[in-house]
Amino acid sequence: MTLVLGPVLRHVGETTASVWVQTDRPASVSVLGCSARTFEVAGHHYALVPVTGLTPGSITPYEVEVDGERVWPPAAHPFPPSVIRTRGGAERHRILFGSCRYPKVTDRKIAAQLGVDALDAYAARMAGRPHEEWPDALLLLGDQVYADELTQRDRRRITSRADRHPDWPDDEIVGYDEYVGLYRDSWSDPEIRWLMSTVPTAMIFDDHDVRDDWNTSAAWRAEMNAKPWWRERIRAALASYWVYQHIGNLAPEELAADPDHRKITGHDGDTWPLLVELADRADAEVDGAKGVRFSFRWDIGRTRLLMVDSRNGRILEDGMHLMLGESEFSWIEREAAAPGEVDHLLVGTSVPWLLPHAISDLETVNEIAAEWPGLRGRIAEAVRQAADLEHWPAFRASFDRLTAMIGRAARSGVATVTVLSGDVHHSYAARAVLPDGPAAPVHQLTCSPVHNQIQWFVRPGFRLAWSRLARRVGERWAERAGAPPKPLTWRRLLGPLFGNTIATLDLEGRRAQAVFEQPVSSASLAERARLDLTG
């Protein structure tokens, strides 16, 4: 028996936890006396084991057994034992976050361009430190895999397949089996595999998990839907996301109440047809009970995390251009205001809410221009896709609604509100200035990439975009284009930082601090910036 991938520690509560694995055949998987049968997807086998009966605030080492045989940890394992640390009692929490992690490559030149993986270096350093210093959660904010920017290994693997359809592109992933290869490449790295086995990991997708510019606009969707291989691609992307990323985000009680999870994991035989139906429903722009909600909530002590699906949740048909549909946005607003003792509200969204002012105004102007008839509108649409003008300010009605929700939360008695994002291949922090009186500090923290190249034009472009001159020009341009006044303002506190980066939130009581670090070797990181979020 082989453990193909995992274990990955996913949602953890006070007395429960979920452990995800991929096996090489149908089996019963056991963790700490709790077990689950695998379910099959297109010949691949998975289990999400609900571990119950744990003690609040405890640290419990665990092993994984498959059909009674111990498969984790391996016989020769250089890392500390994997543990489950339950919620409860602790006043201090450490949350690790970042986005855009490209896998390791064998080509030395490309490896040198990519640099040292910041998450890999963090794991190596963490292995030598006590449990008290380990993160309480890892938030992966998008681009966990790159389906449209393939490594040489990916290319060799897909071109060697005799059964690959001749209409499929040679430089992109299409089928489910090919997605399985992406996840294996990304999650098999020994340091990352151990880290994810012992730190509760929450995930949300971004565009490269599917394809660059995914759901940028109605024009983009129409262009992709015209490609003969796209239906197979989006089905494989969303089905694999559900299996590898989504189900582990949910608490055991949520999974028990989820009809899709019950139907798929309870099915006898290959569940691929069921996942095709789910993927089609998720891809259709259906808002409400018939759709699929990928946004979710975690509670970590007195910290509430709301992870927002700012990719698949977009509504682009019938002249609409919304980051989220009404049903999903209403759910986010209800969860943000739900009862409970909350000191810190975290809003995770793969694409940033607050950008450099000039870029924010450019995205809003572009949204207006793309609706113009004729050539001007087509040019604006081409610019939108070429320049990736697809963050929250490019969906201005949604930007304003998110800002209003954050404002209400900041005046609700919490100590901080922090928006965590990635995507843009540089890191920075900005402080929001909200109208309507005193409120808790509100910040945008962006950490990207964890492991990827930085395009040469990004550095001067983003430095210029934060300048006062660029801000004034952008504001005047937006005003002349008819954009409504922005409902808030903000100022940059640190950055932009370029290069591979990992960020940490340290929360103690009602105090919060953010730290940005960059790798200097495969086992060490240097602190680049530290920010007090409550000062």
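Reader: Let's start with helix packing. How far apart are the axes of helix H2 (residues 118-126) and H5, and at what angle do they cross?

Author: For any pair of helices, look at the distance between the axes and then at the angle. In this predicted model, the H2 and H5 axes come within 9 Å and cross at roughly 70°.

Reader: Is that parallel or perpendicular for H2 and H5?

Author: Angles of 65 to 115 degrees count as roughly perpendicular, so H2 is roughly perpendicular to H5. The hand of this crossing is left-handed.

Reader: Which residues of H2 and H5 meet there?

Author: From H2 you have Leu 119, Asp 120, Ala 123, Ala 124 and Met 126, and they meet Glu 191, Ile 192, Trp 194, Leu 195 and Thr 198 of H5. Sorted by class, that contact has seven nonpolar residues, one polar and two charged.

Reader: OK, let me try another pair. What are the angle and the axis distance for H3 and H4?

Author: H3 and H4 pack at about 150°, and their axes are 11 Å apart. Anything over 145 degrees counts as roughly antiparallel, so that is the label for H3 against H4. As for the hand, H3 passes H4 in a right-handed crossing.

Reader: Which side chains should I click on for H3 and H4?

Author: Pick Arg 153, Asp 154, Arg 157 and Ile 158 in H3, then Glu 178, Gly 181, Leu 182 and Asp 185 in H4. The contact of H3 with H4 splits into two nonpolar residues, one polar and five charged.

Reader: And H11 with H14: parallel or antiparallel?

Author: Start from the numbers again. Helix H11 (residues 326-336) and helix H14 (residues 396-410) pack at about 15°, with axes 10 Å apart. Angles under 35 degrees count as roughly parallel, so H11 is roughly parallel to H14. Their crossing is right-handed. On the H11 side you'll find Glu 326, Phe 329, Ser 330, Ile 332, Glu 333 and Ala 336, which meet Ser 398, Arg 401, Leu 402, Met 405 and Arg 408 of H14. That contact has five nonpolar, two polar and four charged residues.

Reader: Now the gaps. How many cavities of 30 Å³ or more does the structure hold?

Author: Here's the general idea: a probe the size of a water molecule, rolled over the atoms, shows where empty space is left. In this structure there are five cavities of 30 Å³ or more, and the largest has a volume of about 90 Å³.

Reader: What lines the largest cavity?

Author: It has 13 lining residues; Arg 101, Leu 119, Leu 140, Gln 144 and Ser 186 are those nearest its centre. Helix H4 (176-187) and helix H5 (190-198) are the elements giving two or more residues to that lining. By class, the lining of the largest cavity has seven nonpolar, five polar and one charged residue. You've already met Leu 119 in the contact of H2 with H5.

Reader: How much space lies in the largest pocket?

Author: About 970 Å³. The largest pocket is lined by 41 residues, and those nearest its centre are Asp 388, Val 424, Gln 455, Phe 457 and Val 458.

Reader: Which helix supplies the largest share of that pocket lining?

Author: H15, with five residues. Among the helices that each supply at least two residues are helix H1 (108-114), helix H12 (357-369) and helix H16 (468-481). The lining of the largest pocket holds 22 nonpolar, ten polar and nine charged residues.

Reader: Last topic, the backbone. Is the peptide bond from Gly 6 to Pro 7 cis or trans?

Author: To read a peptide bond, check omega. From Gly 6 to Pro 7 the bond is cis, with omega near 5°, and Pro 7 sits in strand E1 (residues 3-12). Another cis bond joins Trp 72 and Pro 73, where omega is about 0°. Pro 73 belongs to the loop between strand E9 (69-72) and strand E10 (83-85).

Reader: And what is phi for Asp 67?

Author: Asp 67 isn't a glycine, yet its phi is positive, about 50°. Look for Asp 67 in the loop between strand E8 (64-66) and E9.

Definitions and conventions:
Residues numbered from 1 in each chain as written. Predicted model: local features only at pLDDT ≥ 70, side-chain atom pairs only at ≥ 80, totals over all residues. Heavy atoms only, no water. Axes fitted to C-alpha atoms, helices over the stretch in contact; angles between N-to-C directions. Helix = DSSP H or I, 4+ residues; strand = E, 2+ residues; numbered from the N terminus. Left-handed = near helix turned anticlockwise from the far one by under 90°. Contact = heavy atoms within 4.5 Å. Nonpolar A, V, L, I, M, F, W, Y, C, P; charged D, E, K, R; others polar. 1 Å grid on protein atoms, 1.4 Å probe; cavity = no way out; pocket = protein on both sides within 12 Å on 5 of 7 lines; lining within 4 Å. Points joined across faces, edges and corners; volume = space filled by probe spheres on them.
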